[in-house]
Amino acid sequence: MLVPLRDYTSASNFAFPFMALTIVMAEFGGRRSALVTALISVLSWDFFLTRPYLTLQIASKHEIISFFGLAICGLIAASFGSRSRRKAVDLGATRAHLKLLHYTLRQLEADDSPEQIAARILGELRASLPLAAL
């Protein structure tokens with residue numbers, strides 16, 4: 001999409017759309033997606049938008065600086081995106097543990113025998129937690 005515009009501005013200005021794409025992929029796809037997007041963005045930017053075109057060579061030292069700047073910023077964006085995703089996953093796990101704790105407390109308040117209560121709690125633990133030992 002950007003190839004027709006490459007004669008109107010310098011190649012370093014085209015780093016912004018690639019950076020935006022990497023940030024979006026970091027937010028919605030996680031670290032791996034963002035890392036792959038950052039690497040493909042840098043290579044695509046170099047191949048299609050820097051002289052000599054359609055090669056992986058860079059003629060200008062300014063474009064070399066832009067190349068490494070885009071690569072580094074892409075890796076930083078991937079790192080931040082994975083952090084926010086990890087927080088969301090941790091929040092989901094915390095909610096699941098809290099739900100399990102409430103279930104356990106309700107079972108302990110029941111008038112059944114301790115063996116029945118323990119069996120129900122262990123069954124819920126097996127269903128909720130990724131622990132084969134239980």
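## Aromatic cluster, helix faces and a pocket

W45, F67 and F68 come together as one aromatic cluster. The model you are looking at is predicted, and this cluster is a friendly place to start the tour.

### Aromatic contacts

The count of aromatic pairs comes to 3. One of them joins W45 and F67, a tilted pair with 6.5 Å from centre to centre and 35° between the planes. This pair links distant parts of the chain, since W45 sits in helix α2 (residues 31–49) and F67 in helix α3, 22 residues apart. Are W45 and F67 buried or exposed? Both are buried.

Another pair is made by F47 and F48, whose ring centres are 5.0 Å apart; their planes stand at 85°, so this pair is edge-to-face. F47 is partly exposed, at 28% relative accessible area, and F48 is also partly exposed, at 37% relative accessibility.

### Two helices with a buried side

Helices α1 and α4 can be read in the same way: first the span, then the faces. Here are the spans side by side.

| Helix | Residues | Number of residues | Expected span | C-alpha end to end |
|---|---|---|---|---|
| α1 | 15–29 | 15 residues | 21 Å | 20 Å |
| α4 | 114–128 | 15 residues | 21 Å | 21 Å |

For α1, the distance between the end C-alpha atoms agrees with the span expected at 1.5 Å a residue. For α4, the end C-alpha atoms also agree with the expected span.

Which residues of α1 are buried? They are A15, F18, M19, T22 and A26. These residues cover an arc of only 100° around the axis, and therefore lie on the same side of α1. On the face turned away from that buried side, α1 carries the exposed residues F16 and F28. After α1 comes G30, with a positive phi near 95°.

In α4, the buried residues are I117, I121 and L125. Seen down the axis of α4, they fall within an arc of 70°, so they line one face of the helix. E115 and A127 are exposed and sit on the face of α4 turned away from its buried side.

### The largest pocket

How much space lies in the largest pocket? About 170 Å³. Its lining is made up of M1, L2, V3, P17, F18, L21, S44, F48 and L49. Helices α1 and α2 each supply at least two residues of this lining. Two residues of the lining, F18 and F48, have already appeared above: F18 is among the buried residues of α1, while F48 is the partly exposed partner of F47 in the edge-to-face pair.

### A salt bridge and a contact along the chain

The structure holds 1 salt bridge. Which side chains meet in it? Those of R120 and D112, at 2.6 Å from N to O. R120 is partly exposed, with a relative accessible area of 29%, and D112 is partly exposed too, at 35% relative accessibility.

Finally, take a look at A96, which lies in helix α3 (residues 61–108). The C-alpha atoms of A96 and L129 are separated by 8.8 Å, although these residues are 33 residues apart along the chain. A96 counts as partly exposed because its relative accessibility is 41%, and partly exposed runs from 20% up to 50%.

Notes. Residues numbered from 1 in each chain as written. Predicted model: local features only at pLDDT ≥ 70, side-chain atom pairs only at ≥ 80, totals over all residues. Heavy atoms only, no water. Salt bridge = Lys/Arg side-chain N within 4 Å of Asp/Glu carboxyl O. Buried < 20%, exposed > 50% of the residue type's maximum accessible area, 1.4 Å probe, protein only. Helix = DSSP H or I, 4+ residues; strand = E, 2+ residues; numbered from the N terminus. Expected span 1.5 Å × (residues − 1). Arc of directions from axis to C-beta. Phe/Tyr/Trp six-rings, centres within 6.5 Å; stacked < 30°, edge-to-face > 60°. 1 Å grid on protein atoms, 1.4 Å probe; cavity = no way out; pocket = protein on both sides within 12 Å on 5 of 7 lines; lining within 4 Å. Points joined across faces, edges and corners; volume = space filled by probe spheres on them.
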